[in-house]
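Here is a short briefing on one protein model. Keep the sequence and the 3D view at hand, and check each point as you read.

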Amino acid sequence: MSKKKTDWIKYVASDTKKYNKMSKKNKLKNFVIICCVWVFFLVGFIVVKNTDNPLNEKGYRFDTSITGDYAVHFIDVGQGDSALIEFPDDKVMLIDTGENDDEIASTLINYIDNLNITTIDYLVLTHTDSDHIGNAPDIFENYDVLNVYIPCVYSTYEEENNLMTQDFVVKDTKIWRQTMEAIYNEDCLIEMNYSLKGDKIVNEEYAYEVNFYTPLEENLGSSDWNSYSPIMMVNIQNMKYLFVGDAGIEDEETFLQAYPKEVRKLIFDCNVLKVGHHGSKTSTSAEFLDAVKPEIAVISVGAVNDYGHPTQEALDRLEETGCQIMMTKDLGNIVLTSKDGEISQYYVNSPVIDYYEYFYYGFIITCVLLVLRGAILYKQYKKEKDKKKD
């Protein structure tokens, strides 16, 4: 055998030996890395599993880092309205239910279920538009509703069943009829109230009250369905939340004219304003804002809508007051409470990243990889041990 050929064989043998040695080193290194990743997923899984903020079976998680005696939720239902209030005594008020849509209905129901709510003590349906009452039948179907506040408007269901006892106008829409039918089919378990100025809910023990300031009785009979929206103040432990539904500028003027300026200064300034009509230019006048002076303005609006909401005119008027503007289209679900006399806020974009499942499946996958890597290393170790014996 020539010297050249012998040198080549030695080179190949040497290179192969180096390769095998390097391969073993790399395998060991990879095994250690996987061990570290396995420990990370194991610790993460244990921490998330034992957190006070677990993932519920519906796939939603809530930020519980901010606590208070109550919570006001502005639920992201797209181009519609829905707000839920958890009072200090654990009673619940739901104001509107969003547009009649399967996906939105599912979002709303999941949100309420996540709060472990089974009873709606007060359901307020501000007016008959579908983007406000669209999922009311689903609410009646899924929860025990004890009291309902509805606009002074009849549906064709009452008309056909001779249930009309007052001189109200009739609105002929499918969703309004379904809503009223659902109420009557509750076998009179619900206390039904027609929203009017003077209505109130008071709980002195837990320091909260709800006051309805409109609609005025003399203004009933309008064919502008937005005008039936009650302007209502929810006062919880001296923190004021003003809800106006889709009330327009004319309704705001009627509201202001019904009360002397001295009274307005005492009772109408608010911490939070639920902006009327999704930020339409036909609501939230400068005069109205001057009277209520909100610190925070919440606009429930869809990211994509055909109405151009919120309009620049409404935003400009809000910005002139110096208030903080918050929109569901930007922040998702908005939750407000108070702590030490100040409004605290956090946002819930749902469904959020499921960290629980990430850690769980990461732990399982790394377990499998560890077994495989361990088997390969053990096989190589055994092979080398057998060679040494030979």
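Which residue follows α10, and what is the sign of its phi? The residue is Gly322, and its phi is positive, near 85 degrees. Bear in mind that this model is predicted. The points below start with the helix before that glycine, then turn to a sheet, the cysteines and two loop residues.

**Helix α10**
- Helix α10 covers residues 312-321.
- Its buried residues are Ala314, Leu315, Arg317 and Leu318.
- Why do these residues line one face of the helix? Seen down the axis of α10, they fall within an arc of 160 degrees, so they share one face.
- The general rule helps here: an α-helix has 3.6 residues a turn, so residues three or four places apart point the same way.
- The buried residues of α10 pack against three elements: α9 (286-292), β14 (296-299) and β15.

**The open sheet**
- Seven strands make up an open sheet.
- Their order is β9-β10-β11-β12-β13-β14-β15, and the pairing is mixed.
- Which strands lie at the edges? They are β9 (200-203) and β15 (324-327), and each pairs on one side only.
- From one strand to the next, the twist averages 15 degrees.
- In general, strands of a sheet pair through backbone hydrogen bonds, either parallel or antiparallel.
- Strands β9 and β10 (residues 208-212) run antiparallel, and four bridges join them.
- Within this pair, Lys200 stands opposite Asn211 in β10.
- Two strands of this sheet, β14 and β15, also meet the buried residues of α10.

**Cysteines**
- How many disulfides does a search of the whole structure find? The count is zero.
- Take Cys35: the nearest cysteine sulfur belongs to Cys36 and is 6.9 Å away. A disulfide needs the two sulfur atoms within 2.5 Å, so Cys35 is in no disulfide.
- Cys35 has a relative accessibility of 26%, so it counts as partly exposed.
- Cys367 sits in helix α12 (residues 355-389).
- Cys367 is also partly exposed, because its relative accessible area is 25% and the partly exposed class lies between 20% and 50%.
- Cys367 and Trp38 are 329 residues apart in sequence. In space, their C-alpha atoms are 6.9 Å apart.

**Asp129, a loop residue**
- Where does Asp129 lie? It is in the loop between β4 (119-124) and α3 (130-133).
- Its side chain makes a polar contact with the side chain of His127, at 3.3 Å.
- The Asp129 side chain makes another polar contact, with the side chain of Lys171, at 3.3 Å.
- Leaving out residues up to four places away in sequence, Asp129 touches Lys171, Trp225, Asn226 and Asp246.

**Leu163, another loop residue**
- Leu163 is in the loop between α5 (156-160) and β7 (169-171).
- Is Leu163 buried or partly exposed? At 29% relative accessibility, Leu163 counts as partly exposed.
- Leaving out residues up to four places away in sequence, Leu163 touches Tyr157, Glu158 and Tyr184.
- Tyr184 is 21 residues from Leu163 along the chain, and their C-alpha atoms are separated by 9.9 Å.

Notes
Residues numbered from 1 in each chain as written. Predicted model: local features only at pLDDT ≥ 70, side-chain atom pairs only at ≥ 80, totals over all residues. Heavy atoms only, no water. Pairing = 2+ DSSP bridges. Axes fitted to C-alpha atoms, helices over the stretch in contact; angles between N-to-C directions. Buried < 20%, exposed > 50% of the residue type's maximum accessible area, 1.4 Å probe, protein only. Arc of directions from axis to C-beta. Contact = heavy atoms within 4.5 Å. Polar contact = N/O pair within 3.5 Å; in protein donor to acceptor, adjacent residues only side chain to side chain.
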